[in-house]
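Colleague: I am new to this structure. Could you take me through it and justify the words you use?

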Amino acid sequence: MCGIVGYIGKRDAYPILINGLKRLEYRGYDSAGVALTINGHIDIQKQVGKIAALEELVEGKPMQGTVGIAHTRWATHGEPNQRNAHPHTDSNGDIVLVHNGIVENYDALRTMLAEKGHVFRTETDTETIAHLIEEIHKTELNFEEAFRAALQELEGTYGLALITSHDPGKLFVARKGSPLVIGIGENEYFVASDASAIIAHTRDVVYLEDGEIAIISLESGHVTKTIMNEVIEKKIERITYDLERIEKAGYSHFMLKEIYEQPRTVADCMRGRLLPEEGLTHLGGLTPIKDKVIRAPKIIITACGTSYHAGLIGEYMIEEYCRLPVEVEYASEFRYRDPIIENDHLVIAISQSGETADTLAAVREAKRKGATVMGLVNVVGSTIARETPGGTYIHAGPEIGVASTKAFTSQVTALALLTVMIARSKTMSAEMGRRIVQELKILPQKVEEALKCDAQVQQVAREFKDNTNFLYLGRGYNYPVALEGALKLKEISYIHAEGYPAAEMKHGPIALIDKDMPVVFIATRDSTYEKIISNIEEVRARKGRVIAVVSEGDEKLKDMVEFTIPIPTTFNFLQPILSIIPLQLLAYHMAVLRGCNVDQPRNLAKSVTVE
């Protein structure tokens, strides 16, 4: 959650900071603020609302400093208002910082500091950090030592960027559980919580690890240490994606652009990983742990939100084709219930950002218990990617829309590749492997075909935009699709929606069905097709309004339901990659028609880096 940008160099910092914030606004948009060192004085401007409101506030004011920090907020402690917006300061405004994360012991620290005479002006946990550094600095002449000592007192998570009049030519940053990257330019340095904020200026970056700090100045460059003052030599890495991939490219919203990118992103996920003649898949990132992956007698998949739904599809795939027991766990519950994990088990952690706090905690718990852990992530160099001994990048490219779309289909694609890899080492024949790989090769074209349903989906959206409830039903592989479709609608259109296995409708949800209840069935032709027709009849008998995602050429359902949305067919286990397309489009068009902010839905942020 939240976005951090920092700059130190010879250029005016303000334009760099504000443009960086705009690229991070998907991480939080409750309020925004900026602080600049100007002639030895730190000037702070902050405003409730989006970054445009901050720009309006700053317009006409002198903002010519060459050292500064900025922040866009997703509120945790304290309601979204101007007072609680970052940056925050100590008592005298000499220490100014921005913070991502949660200080879990802030209440105890705040009480201790108040007893020493500190007066707090906000409701945030972040302000406590500034006052704590101030208090320690009273007895530590060296500011860096006070900074490190304060960090040792903090419990919880933080990504910090700080400037101070005590040491005005430096930028201090620290990380524990909340990502930070340092960009290296020509006689200038950038700091951000996401590399997308600085890619316009440099591709050379250093990723901070947990427990590391960096002191950045033009004189000394960037010096990275542990909080115990041990100097660390950091490897400079290079960002490979292009700036164009994080622009809207003429689309009205990032979400729509990302929906339409899916033919390419599904192909990108498979590029170089298919061996058609052998009927095999190759996942190079798993090489260090491949034997353990193949031999694992049990697999546990852990994830949150959309990634959890992808994991459910992965469970169905692996159990059907690999004949292995699979559990799918919410990462937020995983480490708190003392899960049964053996040394030979495989744990797959799925996260678009690779920074999801709950999923990262699950990774660490699984490693502590001795399991083999692999990451399935999108963001190269992310924490989960670095902390797992092997894994697979989904190569979906930057996903800016808060509601995940292309990452979901790429996650399912990567899980399909993993399934084939494991299954071919067990009982899957070479002939079956070749059939599946050939189908995978043409899958991007089928995604392209599925996107042609957009006009029909818009018609459905116009018909139901004023409804306040939806029910999504599917069976087999399409049950997780129903969950994901309902989630998309909730996330961006604020319509209450529930996903269920279609057969479970009779065990409660059927009580809700009447003439005002739209019911979306994912009813493609598979082994459960006749059963789902029976479920549709049950809804029709109660005057529910039925929208069905169907296989191309299905004339039977066309005559039974109010709206049909045809899509191409494929192997059952790949069908979710196509079935989700109309549901993503439906959520998008419903949100647009209802006047919702599609890319920045209320109360949500892209990367959940706090518990």
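Modeller: What follows is a round of questions on sheet, helices, salt bridges and burial. Keep in mind that this is a predicted model.

Colleague: Start with the sheet. What is the order of its strands?

Modeller: The open sheet has eight strands in the order 3-2-4-1-10-9-11-15. Their pairing is antiparallel.

Colleague: What makes strand 3 and strand 15 edge strands?

Modeller: Strand 3 (41-48) and strand 15 (237-238) each have a single partner strand, so one side of each has no neighbour in the sheet.

Colleague: How do you know that strand 2 and strand 3 pair?

Modeller: Pairing needs at least two bridges. Strand 2 (residues 31-38) and strand 3 are joined by eight bridges and run antiparallel. As one example, Gly33 stands opposite Lys46 in strand 3.

Colleague: Which helices pack on this sheet?

Modeller: Helix 1 (residues 13-24) is one of them, touching strand 1 (3-8), strand 2, strand 4 (67-73) and strand 10 (189-192). The direction of helix 1 makes about 160° with that of strand 1. Helix 2 (residues 51-58) also packs there, touching strand 2, strand 3 and strand 4. Its direction makes about 130° with that of strand 3.

Colleague: What are the partners of strand 10?

Modeller: Strand 1 and strand 10 pair in the antiparallel sense over four bridges. There, Ile8 has Tyr189 as its bridge partner. Strand 9 (residues 181-184) is also joined to strand 10 by four bridges, again antiparallel. On that side, Gly183 has Phe190 as its bridge partner.

Colleague: Which way do the residues of strand 10 point?

Modeller: Tyr189 and Val191 point one way, Phe190 and Ala192 the other. All of them are buried.

Colleague: What lies between strand 9 and strand 10?

Modeller: The two strands form a hairpin with four residues between them. Asn187 takes a positive phi near 55° in this hairpin.

Colleague: Now a helix pair. Why are helix 9 and helix 16 called roughly antiparallel?

Modeller: Helix 9 (residues 305-322) and helix 16 (residues 478-493) pack at an angle of about 170°. The cut-off for roughly antiparallel is over 145 degrees. Helix 9 and helix 16 therefore count as roughly antiparallel to each other. Their axes are 9 Å apart.

Colleague: Which residues meet there?

Modeller: Helix 9 brings Gly305, Thr306, His309, Leu312, Ile313 and Tyr316. Helix 16 brings Tyr479, Pro480, Val481, Leu483, Glu484, Leu487 and Lys488. These residues divide into eight nonpolar, three polar and two charged.

Colleague: On to charges. What makes Arg175 and Asp210 a salt bridge?

Modeller: The nitrogen and oxygen must lie within 4 Å. For the side chains of Arg175 and Asp210, N to O is 2.7 Å, and the pair counts as a salt bridge. The two residues sit in distant parts of the chain, 35 residues apart. Arg175 is in strand 8 (residues 171-176), and Asp210 is in the loop between strand 11 (204-207) and strand 12 (212-217).

Colleague: Is Arg175 buried or exposed?

Modeller: Buried means under 20%. Arg175 has 1% relative accessibility, so it counts as buried. Asp210, at 27%, is partly exposed.

Colleague: How many salt bridges are counted?

Modeller: The count comes to 36. Glu329 and Arg337 form one of them, at 2.1 Å, N to O. Glu329 is buried at 10% relative accessible area, whereas Arg337 is partly exposed at 41%. Glu439 and Lys446 form another, with their closest N and O atoms 2.6 Å apart. Glu439 counts as buried at 12%.

Colleague: Which residues are joined into one network by shared partners?

Modeller: Salt bridges that share partners join Lys257, Glu261, Arg264, Asp268, Arg271 and Lys406.

Colleague: Why is Thr226 called buried?

Modeller: Thr226 is in strand 13 (residues 221-226). Its relative accessible area is 17%, so Thr226 is buried. Leaving out residues up to four places away in sequence, Thr226 touches Arg148, Gly211, Glu212, Ile213 and Ile232.

Colleague: And why does Asp358 count as buried?

Modeller: Asp358 has 13% relative accessibility, so the word applies. Asp358 belongs to helix 11 (residues 357-368). Asp358 and Ser332 are 26 residues apart in sequence, yet 4.9 Å apart in space, C-alpha to C-alpha.

Conventions:
Residues are numbered from 1 along each chain as its sequence is written. This is a predicted model: local features need pLDDT of at least 70, side-chain atom pairs count only at pLDDT 80 or more; totals for chains, interfaces and linings use all residues. Side-chain values use heavy atoms; hydrogens and water are left out. Buried means under 20% relative accessible area, exposed over 50%, partly exposed in between (1.4 Å probe, protein chains only). Contact means heavy atoms within 4.5 Å. Axes are lines fitted to C-alpha atoms, for helices over the stretch in contact, and angles run from 0 to 180 degrees between N-to-C directions. Angles under 35 degrees count as roughly parallel, over 145 as roughly antiparallel, 65 to 115 as roughly perpendicular and the rest as oblique. Ala, Val, Leu, Ile, Met, Phe, Trp, Tyr, Cys and Pro count as nonpolar, Asp, Glu, Lys and Arg as charged, and the others, Gly among them, as polar.
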